[in-house]
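Reader: I'm new to reading protein structures. Could you walk me through this one, step by step?

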Amino acid sequence: MHTNLKRTLTKECINKVGEMVKVQGWVKKIRHLGNISFIVLRERTGELQCVLEGKLAGVIIETESVIEVIGKIVPTNNTVLGVELLIKSVKVINKNDLLPFEVNKKEVNTGLENLLNHRVLSLRHEKIASIFKIKATLEEAFREYLINMDFIRIFTPKIVSQGAEGGANVFNLNYFGKDAFLAQSPQFYKQMMVASGLEYVFEIGPVFRAEEHNSSRHLNEYISLDLEMAFIEEYEELMELETQVIKFMFEKVKEKNENELKLLNIEMPTITNIPKLKLHEAREILKNRFKKEMPEGDLNTEGEKLIATYIKETTGSEFVFITEYPKENRPMYAMPAENGLTKSFDLLFRGLEITSGGQRIHEYEMLVESFREKGLNVENFQNYLNTFKYGVPPHGGFAIGLERLTAKLLGLTNVREASAFPRDINRLTP
Ligand code: AMO
């Protein structure tokens, strides 16, 4: 009987009143009340209340088992959907064993380590799943905005011969007997693709940082939302573009993730103009107002947080661009400005750096000199450097750390929460 029924999704059930349907999903809850039982079935489109009466009532099924139910959709006032399913038959497709923790409570009462150790289970919690739905929208919107602006998506190697950010923090790899590394950033390749004549390019992909920080904001593998564009006249154009990109990303989340935002109790920030502070101005504010001395040429974590508070109070903005970092604190490809500074910026969101960017050096001699000044062996980078012999326009770009943006937007205290399977100094599984 009814063996030919195709699967109906929970969200489709509202339009199936009076019909027999087959629904498949996980048992979120099962309750027995004498001669009637209720199963809350969960699948990707929502939850459906299913009712077992008569002989079927009292059936024992472990929560989180996968089941298939066949029955009739009837109207009810007792569920959000306005319908429920009267079960004619129920089949356990795959039963669940003992759960390491309860995933079907309103809040999951277990620590982050446990949540990460049992990621597949913790992701069944709708609040946790919401993080990844919103993260997916942010990525999708970044892509959509740039495609509409005539950017071309590129895919560049993650196995590389040199680190692109100048410093250490690279993972080594044995590549058929040669030394190779995992890419810290698509920096060189995105510039090379600009130089190829594509002009406007973006890349979304994993990058790898062998940082030994065990902090709430560092991952050893994260998703970098990168772009690079040719023929810029001023690096301010990049900040303007980033403002528009983020605005679009947030609007998309508002539009697409209403339910998830409600579940997580998140109010989306409105972005107008993002204020800009020169690094030396930020340092002076920290010194004069907060009596905090910053490390040479940068802000530390505490400084970033205090500046965020200051900007919020004085302008209402939760974002701030910090500009004009000194050469010593920026990578070798950064375009110099006057007085030993660079045409570069960081973007802080709620007190955390979510972006670095800037104009790049596009002239061969100047670039080689900059590599030398940083003490780098030019020969090792010759392949990248040669690009600049063939006619490269002025250009620049930036990169957003997707997990950091997601975490800050959703008020997560640890960036690991925004990574399904985070890689950190202690974690290689799951
Ligand atoms: P940078 O190294 O500053 O710049 O990285 C850009 C952004 O990536 C994020 N990020 C991280 N997120 C999680 N864990 C980490 N360990 C981590 N490190 C960095 C941050 C940061 O702002 N090539 C340049 C970008 C450019 O100029 O286009 C670069 O990679 O959000």
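Reader: Is K95 buried or exposed?

Author: Happy to start there, and keep in mind that this is a predicted model. A residue counts as exposed when its relative accessible area is over 50%. The relative accessible area of K95 is 59%, so K95 is exposed.

Reader: Which side chain does K95 meet in a salt bridge?

Author: Side chains of opposite charge can pair when their charged atoms come close. For K95 the N to O distance is 3.8 Å, and a salt bridge requires a distance within 4 Å. The partner is exposed too, with a relative accessible area of 57%. That partner is D97.

Reader: How many residues apart in sequence are E113 and R427?

Author: These two side chains meet in a salt bridge, 2.9 Å from N to O. E113 lies in helix α1 and R427 in the segment after α11, so the pair ties together parts of the chain that are distant in sequence, the separation being 314 residues.

Reader: Of that pair, which residue is buried?

Author: Buried means under 20% relative accessible area. E113 has 46%, so E113 is partly exposed. The other partner has a value of 7%, and the buried residue is therefore R427.

Reader: Which residue forms a salt bridge with K158?

Author: The closest N and O atoms of this pair are 2.8 Å apart. K158 sits in the loop between β6 and β7, while its partner is in strand β10, 45 residues apart. Both residues are buried. The partner of K158 is E203.

Reader: Which residues are joined into one network by salt bridges that share partners?

Author: The count of salt bridges comes to 24. Some of them share partners, and the residues joined in this way are K190, D226, E228 and R360.

Reader: Now the ligand, please! How much of its area does the protein bury?

Author: Let's begin with its contacts. An oxygen atom of the ligand is 2.5 Å from an N or O atom in the side chain of E353, and an oxygen atom of the ligand is 2.8 Å from a polar backbone atom of I354. Taken alone, the ligand exposes 620 Å², and the share that the protein buries is 93%.

Reader: Which element gives the largest share of the shell around the ligand?

Author: The ligand is surrounded by 22 residues. The elements that give two or more residues to this shell are α4, β15 and β16. The largest share is 5 residues, and it comes from β15.

Technical notes. Residues numbered from 1 in each chain as written. Predicted model: local features only at pLDDT ≥ 70, side-chain atom pairs only at ≥ 80, totals over all residues. Heavy atoms only, no water. Near = heavy atom within 4 Å. Polar contact = N/O pair within 3.5 Å; in protein donor to acceptor, adjacent residues only side chain to side chain. Areas by Shrake-Rupley, 256 points an atom, 1.4 Å probe, with all protein chains shown as cover. Helix = DSSP H or I, 4+ residues; strand = E, 2+ residues; numbered from the N terminus. Buried < 20%, exposed > 50% of the residue type's maximum accessible area, 1.4 Å probe, protein only.
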